[in-house]
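Trainee: Before we discuss any labels, could you put the model up so that each term can be set against its definition?

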Amino acid sequence: MGQHLKRVVAPNSWGIARKTTKFVMKPSPGPHNTNALPIAVWLRDHIGVARNMKEVKQILRQREILVNGRACRHADMGIGIFDIISIPKTGKHYRILRDAKGRHKTIQIDAEAAQSRLVKITNKTIIKGGKVQLNLRDGSNIIADNSYTTGDSVVLSLKDGELNKILDHFPYQTGSMVMVIGGKHSGNIARITDRVIVSGSLPNRVLLKDEETGESFETIDEYVVTVGREKSAVDNWGIEE
């Protein structure tokens with residue numbers, strides 16, 4: 001049962017029923033982390049385009065599912081926050097976000113919005129030839145110049161011929177708009193009012209203000225993703241409806 005886990009211990013972020021069957025597919029090593037949702041579970045349990053695993057595999061064999069501009073062929077491939085999933089045959093496009101309870105939430109978007117995706121920079125490395133490589137939150141890497149900083153977000157193109165070209169850049173700094181993707185404020189959009197660097201192994205703290213409610217709160221670096229400068233770059237970033 002190496003490719004499966006019991007439904008009752010599946011991550012809460014998956015948002016699936018616990019007692020329908022005993023086992024559920026687990027994601028393979030790859031994009032995102034252990035909370036990544038297998039594309040097969042998303043197709044069957046979230047949007048219902050397939051009734052069972054046989055239908056899921058048939059759809060994927062026909063290359064009918066695009067994840068971030070590339071055809072997905074493996075049922076256990078993990079998807080996660082800010083991924084763009086397109087189904088060309090139906091003309092439908094989706095963005096994966098988080099709701100207020102930290103669960104994966106599927107937002108249907110139009111074809112124009114599906115031409116780009118946002119992703120957080122988690123690290124930078126220098127590779128052969130002195131080139132700068134940006135290590136992204138979803139596990140992918142891109143080559144860029146040295147004007148980007150860890151914690152920033154970049155908007156990448158998903159168009160044919162321009163795949164992963166940087167279209168925009170949101171710096172991680174005081175005054176920027178962020179989305180909280182973890183903790184009790186998950187799903188909130190807020191402005192950074194201050195950043196507190198903590199020495200030692202504890203995570204750095206981020207002080208935020210929700211400009212709609214006026215509430216001030218704090219969270220940690222890991223739980224925030226920059227989504228705009230003066231205002232959020234997108235209308236709906238996963239706040240629970």
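Mentor: Start with Asn123, which stands opposite Asn135 in strand 11. This is a predicted model, in which local features need pLDDT of at least 70 and side-chain atom pairs count only at pLDDT 80 or more, while totals for chains, interfaces and linings use all residues. Residues are numbered from 1 along each chain as its sequence is written, and side-chain values use heavy atoms, with hydrogens and water left out.

Trainee: What makes strand 10 and strand 11 a pair?

Mentor: Two strands pair if DSSP finds at least two bridges between them, a strand being a DSSP run of E with at least two residues, numbered from the N terminus. Strand 10 and strand 11 have five bridges in the antiparallel sense, so the definition of a pair is met. These two strands form a hairpin with five residues between them, and Gly129 in the turn has a positive phi of about 90 degrees.

Trainee: Why are strand 12 and strand 14 said to stand at the edges?

Mentor: The five strands form an open, antiparallel sheet in the order 12-11-10-13-14. Strand 12 (141-144) and strand 14 (166-170) each have a single partner strand, so one side of each is left without a neighbour in the sheet. For strand 12, the pairing with strand 11 (residues 132-136) runs over four bridges, and Ile142 is the bridge partner of Leu134.

Trainee: Why does Asn135 count as buried?

Mentor: Buried means under 20% relative accessible area, exposed over 50% and partly exposed in between, with a 1.4 Å probe and protein chains only. Asn135 has 12% relative accessibility, and therefore counts as buried.

Trainee: How do you know that the side chains of Asn135 and Asn141 make a polar contact?

Mentor: A polar contact is a pair of N or O atoms within 3.5 Å; within protein, one must be able to donate a hydrogen and the other to accept it, and residues adjacent in sequence count only if both atoms are side-chain atoms. The contact joining the side chains of Asn135 and Asn141 is 2.8 Å, so the distance satisfies the cut-off.

Trainee: What makes the largest nonpolar core a core?

Mentor: A nonpolar core is a set of buried Ala, Val, Leu, Ile, Met, Phe, Trp, Tyr and Cys residues joined through side-chain atoms within 4.5 Å. The largest has 25 residues, and those with the most contacts inside it include Ile39, Trp42 and Ile85. Helix 1 gives the most to this core, with five residues.
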